[in-house]
Amino acid sequence: MGAPAPDPADTSPHAFPDGGTWRTEVPSCEGPEAVATVLKEAASLDVPVHRVSQGSGVWMLTDAEITEMVGACERQNVELCLFTGPRGTWDIGASTRTSSGGAGLRARGHDAVAGCVEDALRACELGVRCLLVADEGVLWTLHRLRSRGTLPADVTLKVSALIGPVNPAAYSVHERLGADSLNIPSDLTLAQITEIRRVSAAPMDLYLEAPDDLGGYVRMYEAAELIRRGAPLYLKFGLSKAPGIYPYGAHLRDLTLDTARERVRRGRLALDLLARLGADGGMSPPGSRLPGTLQRFALPERN
């Protein structure tokens, strides 16, 4: 009817090393029961899940709980990602509660960085191979530990939406600090996503539906275009109009499990929409997790 089609020049030239252009992630899987609920619902609704992630932190889980989560994900060939350490809103710092937001969700002080490292070491010893970070210093520290062999070489580092970069220069810096996938804020425009893809091939994580504290945006109808411009891309099935559950405890059990099921259902809706648009091809094979070769800053010489 005379309306122009999308410009092919905006298409991302990048892909995951397996050739896929998109993968899926279900966030806010806060413990063994939530992981089991997501995996069961995903099987029931035929929703392929490449990664499940947790937001409360390694420190909120016992060794037995982490081991159970690792085992459940391994049996279903799903990547498990756990959040590292203390961060801004959960310590005594008041700046994050001011109107300016202060230092944000970063790790305040030497001890907070050390806590994140301790979380990373403990999680990896228990079989976790993906770590969420919300601080540039923690990211660089964990990358250096990975390079030295203190952390396993196949550990991936995921930048949280809490500090997601919003421009190509910042995205590139995070990649060079060691990020293997980066959660960008869900309010970036399609043009801004294209700008990032001109400088970086690092996988991008994006909430198709964002939690209210991250804006509550619902971009399901843009899923095909987001994949086209943002590949390689993780489609994150978040949930708006849902109460926060971090840090998780048994007092939030029913809410956590109910919202876990609904996140998977939201995923089914997104996949159905892609299919109706003829845009459901290009998904990475189940079990895919590595990001491919990325750009890094030179590491300092060891003393």
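**Strand 1 and helix 5 in a predicted model**

Student: In which sense do strand 1 and strand 2 (residues 51-53) pair, and through which helix does the chain cross between them?

Tutor: In this predicted model, strand 1 and strand 2 (residues 51-53) are joined over two bridges, and their pairing is in the parallel sense. The β-α-β crossover that takes the chain from strand 1 to strand 2 is right-handed, and the helix it passes through is helix 1 (residues 32-45).

Student: Which residue of strand 8 stands opposite Trp-22?

Tutor: Strand 1 also pairs with strand 8 (residues 233-237), again in the parallel sense, over four bridges. Within strand 8, the residue opposite Trp-22 is Leu-233.

Student: Which residues of strand 1 are buried on the side that does not hold Trp-22, Thr-24 and Val-26?

Tutor: Strand 1 (residues 22-26) is mostly covered, with five of its five residues buried. Both faces are covered, and while Trp-22, Thr-24 and Val-26 lie on one side, the buried residues on the other are Arg-23 and Glu-25.

Student: Within what arc do the buried residues of helix 5 fall?

Tutor: In helix 5 (residues 168-176), the buried residues are Pro-168, Tyr-171, Ser-172, His-174 and Glu-175. They line one face of the helix, because, seen down its axis, they fall within an arc of 160°.

Student: Which residue caps the N-terminal end of helix 5?

Tutor: The contact to look for joins a side-chain oxygen to the backbone nitrogen of Ala-169, at 3.1 Å. The residue that supplies this oxygen, and so caps the N-terminal end of helix 5, is Asn-167.

Conventions:
Residues are numbered from 1 along each chain as its sequence is written. This is a predicted model: local features need pLDDT of at least 70, side-chain atom pairs count only at pLDDT 80 or more; totals for chains, interfaces and linings use all residues. Side-chain values use heavy atoms; hydrogens and water are left out. Buried means under 20% relative accessible area, exposed over 50%, partly exposed in between (1.4 Å probe, protein chains only). The arc is that of the directions from the helix axis to the C-beta atoms. A polar contact is a pair of N or O atoms within 3.5 Å; within protein, one must be able to donate a hydrogen and the other to accept it, and residues adjacent in sequence count only if both atoms are side-chain atoms. Two strands pair if DSSP finds at least two bridges between them. A crossover is right-handed if, with the strands pointing away from the viewer, the path from the first strand over the helix to the second runs clockwise.
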